[in-house]
Each structure stands twice: as C-alpha cells, then as structure tokens.
Amino acid sequence: MHWFIYCAFRLIRFLDVLRRTKPWCWNTVVTILFGIATTAFRRYVHFTPETLALVGLENWRPLSEVHWLLGLVALGLFSAVSSLLFSALIFPVFGYLPFTLANKHLGIVATSMDARLVVSWMKEAARRTIAGNTDRIKVVCLTGKHLWQAPPFDGVAAPLVGAASAGKLDVIMPRADPKQPTVQARFATYTSAFKSEQGINSEDDLVQEMVKSRADLLRRSPANTITEHGILCMWRIVLTEEFCIVQSYFPNHGGADSFKAPAFFYKNVNVGRAPGAVPVDCLYDTYAHMVELVSRSVA
C-alpha cells in the first residue's frame, strides 16, 4: 500500500510539473482526453425514461436529432469547459496533496498574514492552557507590548493578558540594553513614520518600552518569569504544550509592529499519542528546542 501511495504521489508531482512548465502541451492533451471521454459518454451511456423524468428531462430531445451541428457544438463546449475546470481547479488540488500530507506529518496547521487571525490563534492556545491547567506558556519576544500589555487592535485585548494575570508566562527577552544585538537590529527595521508615531526615536526609547512591559508582566503576577538573553534572536514565539505560533522580526518591509508579521501555526503531533509510542520528529519540537537553547543564552 505504501508503494502504491508513493508511486501515485510521484506521478501526481510529475504531471503537476508538466502542467506548470509546459501548459500548451498539457492543455492540448487534456482537451483531447476529455473530448474522447465525452464522446464515449455520449455514445455508450444512455439514461432510462425514469432517470430523465427524475431530473425533469422526460421531454428532452437529443441535440443531434434537432440538428447534427448542435450536437457537435455542445460536445465541444462541454469538453472544453470540463478540461478547463480540471486543469485550473481539480488537478491543482491533487498537486498539493503530497505536500499537504507532508505538512500535516510535520505538524503545520496553518500559515497566515492576517494579524487578527494570528492574535486569535494565540488567544485560543492560551485559553486551552489555562482551562486545562496544563504546562506553562513559553514566550520569546522583544518587548511583549502587544502580547500581554497593549491591545494590538481597537476593541481586541492582548492575546496573553489572561495568561499573564494567571501567572502562566515564562518569557525570554533580550537584555534591556541599547547595544543588545536584537534591540539594534529590530530598531533598524522600523520606518521613520512608525518611529515618530510610536515615539521610538532611538534604541534607548525601545529599551524603555521593554522595561515598562516587563514591569507590567510582573505586576500582573509574580509567578511569571523573565529570562534575558544576549544574542541576536529573530523569532517571536508563543509555545504551549499543544501549539507553537511563530513569527519572524526579519524582514520587516512594513516597518511596523511585530504582530503584523507573517505567522506559522504548528501543532505538537506527539500530544495524545498512545503511551510508549515512539515520538515523531516535528517542527513543533524544533522550536521547542530552540526556545530552550535561547533561554540558556543568558546575559
């Protein structure tokens, strides 16, 4: 069975490459095949009077009986439309199937550039952690301003504010130093307009934002922890026992807030597996180990 699936996927990928690299040949072959299939269907498949009556076509006369040319025109149109739908819609879905299964195996749930959707992912991951009274939430960030302090959007609370109040956050942040590599590199990505709007005109201003956010985190609950690192870290990560939401500080073409960066949503595929089952390597584990390694890179 595995060999059959492997061969089927290899064939699908080969045909998909052919569809994208040689569209004229692909369209010609597909149109001919659909023409043959349509002709065979018309010749060998006949509906009974009961079937025609069921769909309200009991008085329908075949177009070929009305005029021989109408039958050919209808046949050509049906063949052309069918081949177009197959090439533009149906087959591309099959083309993505091998990659979709591979992504699921690696634990990729979704990706998005919609900041509101990403915020909702973080809220749900935090809610499940708090409701289940399970593991703590590990966070890698620069300031955490829009994670537990300030609303990222009007009318939308910071996604981890509840977890911060519950004392569930273990946060890894850069050292509060204007010369810290992450602070300098991140400040350099902001546009002049954004700096002016946010009142962040130097690395010192960004550090002050970091200090205020840290104070707010510890004020919400002394059970929250903060670990400082001294390296250049490009990741913004929210990691729970079940999920991992990842965003990167670089590049930042919009020159604005971190929560607007493209995001990847991973699932821990080893959660819920039978006791004694061999763990599966997945991308969730990659980031979980990275969080652990960054936490060791203390100032």
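## The smaller cavity

Val118, Val119, Met122, His146, Leu147, Pro152, Pro159, Arg236, Gln247 and Phe259 line the second largest cavity in this predicted model. Here a cavity is a set of points, on a 1 Å grid over the protein atoms alone, where a 1.4 Å probe fits but cannot get out, and lining residues have an atom within 4 Å of a point. Its volume is about 30 Å³, where a volume is the space filled by probe spheres set on the points, and grid points are joined across faces, edges and corners.

Helix H6 (115–132) gives the most to this lining, with 3 residues, and both H6 and H7 supply at least two. Helices here are DSSP runs of H or I with at least four residues, strands are E runs of at least two, and both are numbered from the N terminus. By class, the lining of the second largest cavity splits into 7 nonpolar, 2 polar and 1 charged. For those classes, Ala, Val, Leu, Ile, Met, Phe, Trp, Tyr, Cys and Pro count as nonpolar, Asp, Glu, Lys and Arg as charged, and the others, Gly among them, as polar.

A word on ground rules: residues are numbered from 1 along each chain as its sequence is written, and side-chain values use heavy atoms, with hydrogens and water left out. Since this is a predicted model, local features need pLDDT of at least 70 and side-chain atom pairs count only at pLDDT 80 or more, while totals for chains, interfaces and linings use all residues.

## The largest cavity

The count comes to 2 cavities of 30 Å³ or more, and the largest has a volume of about 190 Å³. Its lining runs to 20 residues, with Thr143, His146, Tyr190, Glu209 and Ser258 nearest the centre. Helix H7 (145–149), helix H10 (192–198) and H11 are the elements that give two or more residues to that lining. H7 gives the most, with 3 residues. The class split for the largest cavity is 10 nonpolar, 5 polar and 5 charged.

His146 turns up twice: it is among the residues nearest the centre of the largest cavity, and it also lines the second largest one.

## Ser213 in H11

Ser213 sits in helix H11 (residues 203–220). It counts as buried because its relative accessibility is 0%; buried means under 20% relative accessible area, exposed over 50%, and partly exposed in between, with a 1.4 Å probe and protein chains only. Leaving out residues up to four places away in sequence, Ser213 touches Thr143, Gly144, Lys145, Trp148 and Gln149, where contact means heavy atoms within 4.5 Å.

## Strand S6 and its neighbours

Strand S6 (residues 243–248) is mostly covered, with 6 of its 6 residues buried. In a regular strand the side chains alternate between the two faces of the sheet. In S6, Phe243, Ile245 and Gln247 point one way, while Cys244, Val246 and Ser248 point the other.

S6 runs antiparallel to strand S5 (residues 235–239), with 5 bridges joining them; strands pair if DSSP finds at least two bridges between them. A hairpin of 3 residues connects S5 to S6, and Arg236 stands opposite Gln247. Both Arg236 and Gln247 also line the second largest cavity. Another 5 bridges join S6 to strand S7 (residues 263–267), again antiparallel, and there Ile245 stands opposite Phe265.

Terms used
1 Å grid on protein atoms, 1.4 Å probe; cavity = no way out; pocket = protein on both sides within 12 Å on 5 of 7 lines; lining within 4 Å.
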